[in-house]
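Trainee: I should like to look closely at a single buried position and at what surrounds it. Please begin there and then work outwards to the rest of the chain.

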Amino acid sequence: MKKTKKIKIWKVLRNVIFSILALFVVWIVFSNVMTAYEQKKYQPIGELVEVDGKEMHIYIKGDGKETFVLLSGLGTAAPAMDFEPLINELAKNNKVVVVEPFGYGWSDITPKERTVENIVEEIRIALKKSDIKGPYILMPHSISGIYSMYFANTYREEVKGIIGIDSTLPQALDYFGEDAPKMPKYLSFLAPIGITRLALYITPDDFLPIADKGTYSEKNLKTTKALSTWKGYNKNVVAEANELKENIDKTVDMKFPSNVPTLFFTTKKEKVTEDRKNKMSFYKTQLTDKPGSKVVGLEGHHYLHWTSYKIMTAEINKFTNLFSGEQ
């Protein structure tokens with residue numbers, strides 16, 4: 001009797017396991033079919049240019065006296081969508097460019113390492129192929145501050161100014177006594193097997209900007225959701241995160257050139273360490289000698305452009321007016 005009972009239990013467990021596996025396979029197929037459908041439905045809003053044999057997406061809006069190049073933070077699945085409110089404000093009087101690095105938005109995934117050298121070169125090639133002439137005002141959000149530091153030091157003649165959006169800069173870890181974070185490699189499998197899509201269905205708001213209703217169009221939000229399911233934590237993003245320490249080591253001894261004007265936006269309410277350090281005090285150490293360089297504290301999330309885009313644009317216009325026409 002006991003043996004018969006064990007056999008029955010095993011059969012039930014086996015059937016449950018097979019059912020779960022079957023559902024998992026069905027979900028993977030469904031997710032990939034949906035991805036193929038969405039990729040046809042949500043076409044690139046900008047142009048695709050060839051960089052190292054792969055396609056990179058670059059979005060341009062406006063035309064004016066300054067050219068701003070917006071660079072996204074780590075894991076921002078759809079940069080051109082994410083920056084939309086700030087793009088619309090800045091583009092009223094300027095040319096605004098969003099370069100989506102490999103692994104982001106409508107850009108391909110690349111086999112090349114996510115070193116600071118490779119990322120900056122890819123951005124430069126995309127700009128040149130889109131006939132975007134410098135010098136540029138680089139506007140890095142978060143991790144892109146490291147790439148902007150390398151860009152400004154290596155290609156000084158191509159950089160007219162730096163405007164950081166709560167940027168991660170190479171000296172920050174030493175300043176706050178922190179270690180570079182890492183990402184588990186298994187995260188890169190979540191999108192291909194449909195886990196990212198499942199997470200989006202369960203908690204869709206976690207993939208969207210935290211902003212007042214109407215700030216982002218419905219089309220934008222739908223596109224952001226779709227792109228998040230294709231590109232969320234893909235292998236390029238995971239590799240970029242795990243290359244962070246090495247990229248910081250390569251740039252930690254750099255400073256922005258003294259004649260490059262700098263403006264840093266950061267979150268105002270930030271925890272102060274025991275030795276009275278916070279983001280405001282850190283960014284003040286990064287200012288250059290150029291008149292008008294300053295730090296502006298704002299209320300809001302790390303993604304300050306979600307809610308403070310109008311205040312930021314007003315500050316940016318005042319800032320650029322100080323050196324307008326300089327080369």
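Is isoleucine 146 buried or exposed, and what is its relative accessible area?

Mentor: Isoleucine 146 is buried, with a relative accessible area of 0%; buried means under 20%, exposed over 50% and partly exposed in between, with a 1.4 Å probe and protein chains only. The model is a predicted one, in which local features need pLDDT of at least 70 and side-chain atom pairs count only at pLDDT 80 or more, while totals for chains, interfaces and linings use all residues. Residues are numbered from 1 along each chain as its sequence is written, and side-chain values use heavy atoms, with hydrogens and water left out.

Isoleucine 146 belongs to helix H5, which covers residues 144-154. Helices (H or I, at least four residues) and strands (E, at least two) are DSSP runs numbered from the N terminus. Leaving aside residues up to four places away in sequence, isoleucine 146 touches Val116, Thr168, Leu169, Pro170, Leu244, Asn247, Ile248 and Thr251, a contact being heavy atoms within 4.5 Å. One of these partners, threonine 168, is 22 residues from isoleucine 146 in sequence, yet the two C-alpha atoms are 6.4 Å apart in space.

Val116, another of the partners, leads to helix H4, residues 116-129. The axes of H4 and H5 are 10 Å apart and cross at an angle of about 75 degrees. Each axis is a line fitted to C-alpha atoms over the stretch in contact, and angles run from 0 to 180 degrees between N-to-C directions. H4 and H5 are therefore roughly perpendicular to each other; that class spans 65 to 115 degrees, with under 35 roughly parallel, over 145 roughly antiparallel and the rest oblique. On the H4 side the contact is made by Val116, Glu117, Ile119, Val120, Ile123 and Arg124, and on the H5 side by Ile146, Tyr147, Tyr150 and Phe151.

H4 also holds asparagine 118. Asparagine 118 is buried at a relative accessible area of 19%, and apart from residues up to four places away in sequence its contacts are Lys112 and Glu113.

Helix H9, residues 235-242, adjoins both of these helices. Six of the eight residues of H9 are buried, namely Asn236, Val237, Val238, Glu240, Ala241 and Asn242. Those buried residues pack against H4, H5, helix H8 (218-231) and helix H10 (244-251).

Charged pairs come next. There are 14 salt bridges, each a side-chain nitrogen of Lys or Arg within 4 Å of a carboxyl oxygen of Asp or Glu. In one of them, arginine 197 pairs with glutamate 38, and their closest N and O atoms are 3.0 Å apart. Arginine 197 lies in helix H7 (residues 195-202) and glutamate 38 in helix H1 (residues 2-41), so this salt bridge ties together parts that are 159 residues apart in sequence. Both arginine 197 and glutamate 38 are buried.

Glutamate 89 and lysine 92 form a further salt bridge, at 3.2 Å between the closest N and O atoms. Here glutamate 89 is buried at 18%, whereas lysine 92 is exposed at 56%. Within helix H12 (residues 309-321), lysine 318 and glutamate 315 are three residues apart, about one turn of the helix, and the closest N and O atoms of their salt bridge are 3.7 Å apart. Glutamate 315 counts as buried, at 15% relative accessibility. Glu121, Arg124, Lys128 and Glu158 are joined into one network by salt bridges that share partners.

Aromatic rings add eight pairs. Rings of Phe, Tyr and Trp (its six-membered ring) pair if their centres lie within 6.5 Å, and planes under 30 degrees apart count as stacked, over 60 as edge-to-face and the rest as tilted. Phenylalanine 176 and phenylalanine 282 make a tilted pair, 6.0 Å centre to centre with 50 degrees between the planes. The pair links helix H6 (residues 172-176), which holds phenylalanine 176, with helix H11 (residues 279-284), which holds phenylalanine 282, 106 residues apart. Phenylalanine 176 is partly exposed at 24%, whereas phenylalanine 282 is buried at 3%. Both belong to one aromatic cluster with Tyr175, Phe256, Phe264 and Tyr283.

As for the whole protein, there are 12 helices and eight strands. Of the 327 residues, 50% are buried. Among contacts between residues at least 6 apart in sequence, 80% join residues at least 24 apart. Along the principal axes, the C-alpha atoms fill a box of roughly 90 × 50 × 40 Å.
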